[in-house]
Amino acid sequence: FTDYWGTRVDAFGVRLPHRVLEVIAEATVETSPRGLIESHATLDDLTDVDFVARHHEYLQATRHTEWDDALAQLATRCVRDTGPDVIAAAFGIHDLVRASVKYEKGVTDIGTPAVEVMQLGAGVCQDFAHLAVAMCRAVGMPARYVSGYLFSADDATAERTDKPVVNVQTHAWIEVGVPDLGWFPLDPTNGRQ
């Protein structure tokens, strides 16, 4: 079946008692360069009733992305300085988070909230992502936390394609909901899209 997020789900059940269960799954993901991103969405488009209804949960604070007045004001100033374009506003927050937080292991833990990350000025990829999501949501821009894998080598040649700040198997970044585009990915830790 396809779940709420649009992900294909395969499930099975074993009803008889057993001592060992081994499940092996393999997947291949093929990527290709992305074309030029085009969007004409403005910040006013973010208030469209249907758009807000479809993205309601991506506009709410969570325990990791809760913001205070100071963080909301900082995000508001940042977005105001970028002009009315949603993509420019998303990049503005992306750049602000990247400039405000230094990548440093051991400063935070899995439960560190976004406000504290900003106060500390340091953290790991999940902290960059939670802070960016909090700032986007504080100004009415839908945003979601994404985790997956970061590859910085071409599988065909094993040559490094670039030198990210984080070169690990798992990584976290964000996606921003853009009215005429869909989900737009940004990686504030490594400064990429």
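This passage describes the helix packing in a predicted model of a protein chain, together with the surroundings of two loop residues.

The protein chain has 193 residues, of which 37% count as buried. Five helices and five strands are present, and along the sequence they follow the pattern α-α-α-β-α-β-α-β-β-β. The C-alpha trace spans about 60 × 40 × 35 Å along its principal axes. Among the contacts with a sequence separation of 6 or more, 61% join residues that are 24 or more positions apart.

Packing among helices α2, α3 and α5 was examined pair by pair. Two packed helices are described by the angle between their axes and the distance between the axes. Helix α2 covers residues 69-82, helix α3 covers residues 86-100, and helix α5 covers residues 125-138.

The axes of α2 and α3 come within 8 Å and cross at roughly 130°. The two helices are therefore oblique to each other. The crossing of α2 and α3 is right-handed. On the α2 side the contact is formed by Leu74, Cys78, Val79 and Thr82, and on the α3 side by Ala88, Ala89, Gly92, Ile93 and Leu96. By class, these residues comprise seven nonpolar, two polar and no charged. Thr and Gly are both placed in the polar class, so Thr82 of α2 and Gly92 of α3 supply the two polar members.

The axes of α3 and α5 come within 10 Å, with a crossing angle of roughly 140°. This angle makes α3 oblique to α5; the antiparallel class is reserved for angles over 145 degrees. The crossing of α3 and α5 is right-handed. Ile93, Leu96, Val97 and Arg98 of α3 meet Phe128, Leu131, Ala132, Met135 and Cys136 of α5. The contact of α3 with α5 contains eight nonpolar residues, no polar residue and one charged residue. Arg counts as charged, so the charged residue in this contact is Arg98.

For α2 and α5, the axes come within 8 Å and cross at roughly 75°. These helices are therefore roughly perpendicular to each other. Leu71, Ala72, Leu74 and Ala75 of α2 are in contact with Leu131, Ala134, Met135 and Ala138 of α5. The contact of α2 with α5 consists of eight nonpolar residues, with no polar and no charged residues.

Certain residues recur in these contacts. Leu74 of α2 takes part in the contact with α3 and in the contact with α5. Ile93 and Leu96 of α3 contribute to the contact with α2 and to the contact with α5. In α5, Leu131 and Met135 meet α3 and also α2.

The lengths of α3 and α5 were compared with expected values. Helix α3 has 15 residues and reaches 21 Å from its first C-alpha to its last, close to the 21 Å expected at 1.5 Å a residue. The 14 residues of α5 should span 20 Å at 1.5 Å a residue, and the end C-alpha atoms of α5 are 20 Å apart, which agrees.

Burial was then considered for these two helices. In α3, the buried residues are Val86, Ile87, Ala89, Ala90, Gly92, Ile93, His94, Leu96 and Val97. The elements covering them include α2 and α5, together with strands β4 (170-178) and β5 (182-186). Helix α5 is mostly covered, with 13 of its 14 residues buried. Just after α5, Gly140 takes a positive phi of about 85°.

Pro142 lies in the loop between α5 and β3 (143-149). Pro142 has a relative accessible area of 0%, and therefore counts as buried. Apart from neighbours within four places in sequence, Pro142 is in contact with Leu46, Phe51, His55, Tyr58, Leu59, Glu175, Val176, Gly177 and Trp183. Pro142 and Pro17 are 125 residues apart in sequence, and their C-alpha atoms are 45 Å apart in space.

Gln60 is placed in the loop between α1 (49-54) and α2. Its relative accessibility is 36%, so Gln60 counts as partly exposed. With neighbours within four places in sequence set aside, Gln60 is in contact with Thr65, Trp67 and Arg137. The C-alpha atoms of Gln60 and Pro185 are separated by 19 Å, at a distance of 125 residues along the chain.

Definitions and conventions:
Residues numbered from 1 in each chain as written. Predicted model: local features only at pLDDT ≥ 70, side-chain atom pairs only at ≥ 80, totals over all residues. Heavy atoms only, no water. Axes fitted to C-alpha atoms, helices over the stretch in contact; angles between N-to-C directions. Helix = DSSP H or I, 4+ residues; strand = E, 2+ residues; numbered from the N terminus. Parallel < 35°, antiparallel > 145°, perpendicular 65-115°, else oblique. Left-handed = near helix turned anticlockwise from the far one by under 90°. Contact = heavy atoms within 4.5 Å. Expected span 1.5 Å × (residues − 1). Buried < 20%, exposed > 50% of the residue type's maximum accessible area, 1.4 Å probe, protein only.
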